[in-house]
Amino acid sequence: MASPKTITIIGGGLAGLTLGIGLRQRNVPATIWEAGVYPRHRVCGEFISGNGQAVLQRLGLVDRCRRAGAIEAATAMFVSGRTRSPVRKLPAPALCLSRYKLDAVLAERFQELGGELKIKSRWTNDANAEGVVRATGRLANPGRKPSGWFGVKAHVSRGATVHLEADLEMHVSHGGYVGVNRIGDGEVNVCGLLRMPANGPGRESKTDWLRGEKTSLLNDRLGSVEFEADSFCSVAGLDLRPRAAAETSDCCIGDTLTMTPPVTGNGMSMAFESAEIAIEPLREYCEGRSDWRETQRLIAQRCDTAFAKRLAWARLLQWMMTSPMRRGPLGVWLLRSEALWGLLFARTR
């Protein structure tokens, strides 16, 4: 029997590493090309909710995450200015772990399984070639108007006191929203999706983007805290419009395929899920049981089936959170509606 073909994965983030682990558990040769190093900070809510935990469980990674310091988040609250929703219990606890630790955990496991990880290395060959999977993260979609959205993340310095009424607080303003949650080891992650003002940031420092407006509850929480300087990171030009996998000319997973609005808290889960979807079709290709075009088509079809409705509901939620109507009486009702909360939480998973 001929040796199985090798899968080349461009990008060693959540999706790329998860795919690599799943392939190596099935004895499929896999090489990951990663331009950066581990550990590293990434713009991320650091909040694993929904089906993503089940993927990690099936791959035997949940216990490793817990040993690395992951903690559970059981409650959530939405805030607009100073108007609060009730503190609500999540249908199932989320898992919270710093990307600084999580990426390193996944990279270590991939190498333990015999995968080849090339760090500080960029793939310079054809990304559309057979056996190549793109997992390079958030990219601007060609042909679309550049987005004004940008992401910012930083950790509150250890030892600083941050009073939270829920395990995850999502603070919404006219310029976007900021999520605040504990991630273990006494750390608090603060991650925002914001719109760049036409005249530029207008803040004294980049971390001020995360503190909220002076009169907001978010500013009460974070106005005087210090952030860990080396944890700050940002990314611009985020395109949150859904993209169908069938429209792409290459094999993509994770955010390279499509992003879900961060307000859903489901971005990390979709990275894990898309990686798992790709594992079996890629194994069949490597074992010579399907050709590359059919493999790529099958992965795209399954990703679209899994995510299309979820992305449509996520787009609605994104609009609701950033629409001017949220600042009136209707917005107060939206924050406090138990039925709406249950519907949107279920539909965005």
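**A cavity, a strand and some unusual backbone angles**

Good morning. Helix 9 contributes more to the lining of the largest cavity than any other element, with four residues. The model is predicted, so some limits apply: local features need pLDDT of at least 70, side-chain atom pairs count only at pLDDT 80 or more, and totals for chains, interfaces and linings use all residues. Residues are numbered from 1 along each chain as its sequence is written, and side-chain values use heavy atoms, with hydrogens and water left out.

Let me begin with terms. Helices (H or I, at least four residues) and strands (E, at least two) are DSSP runs, numbered from the N terminus. A cavity is defined on a 1 Å grid over the protein atoms alone, as a set of points where a 1.4 Å probe fits but cannot get out; lining residues have an atom within 4 Å of a point. Grid points are joined across faces, edges and corners, and a volume is the space filled by probe spheres set on the points.

How many cavities of 30 Å³ or more does a search of the whole structure find? There are three cavities of that kind, and the largest has a volume of about 290 Å³. Its lining comprises 24 residues, of which F78, V263, L317, W341 and L344 are the closest to the centre. Two or more lining residues come from each of strand 3, strand 5 (88–96), strand 9, helix 7 (292–322), helix 8 (329–336) and helix 9. By class, the lining has 16 nonpolar, five polar and three charged residues. Here Ala, Val, Leu, Ile, Met, Phe, Trp, Tyr, Cys and Pro count as nonpolar, Asp, Glu, Lys and Arg as charged, and the others, Gly among them, as polar.

I return to helix 9, which spans residues 338–347 and includes L340. L340 is buried, with a relative accessible area of 18%; buried means under 20%, exposed over 50% and partly exposed in between, with a 1.4 Å probe and protein chains only. Leaving aside residues up to four places away in sequence, L340 touches M320, W333 and L334, where contact means heavy atoms within 4.5 Å. The C-alpha atoms of L340 and V263 are separated by 15 Å, and the two residues are 77 apart along the chain.

Next comes strand 9, residues 168–173, where five of the six residues are buried. Which strands does it pair with? Strand 3 (residues 71–80) runs parallel to strand 9, joined by five bridges, and V79 has H171 as its bridge partner in strand 9. Two strands pair if DSSP finds at least two bridges between them. With strand 10 (residues 176–184), strand 9 pairs in the antiparallel sense over six bridges. L168 has N181 of strand 10 as its bridge partner, and a hairpin of two residues links strand 9 to strand 10.

Finally, the backbone. Most residues other than glycine have a negative phi, and most peptide bonds are trans. Y38 and P39 are joined by a cis peptide bond, with omega about -10°. P39 lies in the loop between strand 2 (30–34) and helix 2 (52–58), and E46 is in the loop between strand 2 and helix 2. Phi of E46 is positive, near 55°, and E46 is buried, with a relative accessible area of 0%. N27, in the loop between helix 1 (14–25) and strand 2, has a positive phi near 65°. Is N27 buried or exposed? N27 is exposed, with a relative accessible area of 58%.

Methods:
On a 1 Å grid over the protein atoms alone, a cavity is a set of points where a 1.4 Å probe fits but cannot get out, and a pocket is an open set with protein on both sides within 12 Å along at least five of seven lines; lining residues have an atom within 4 Å of a point.
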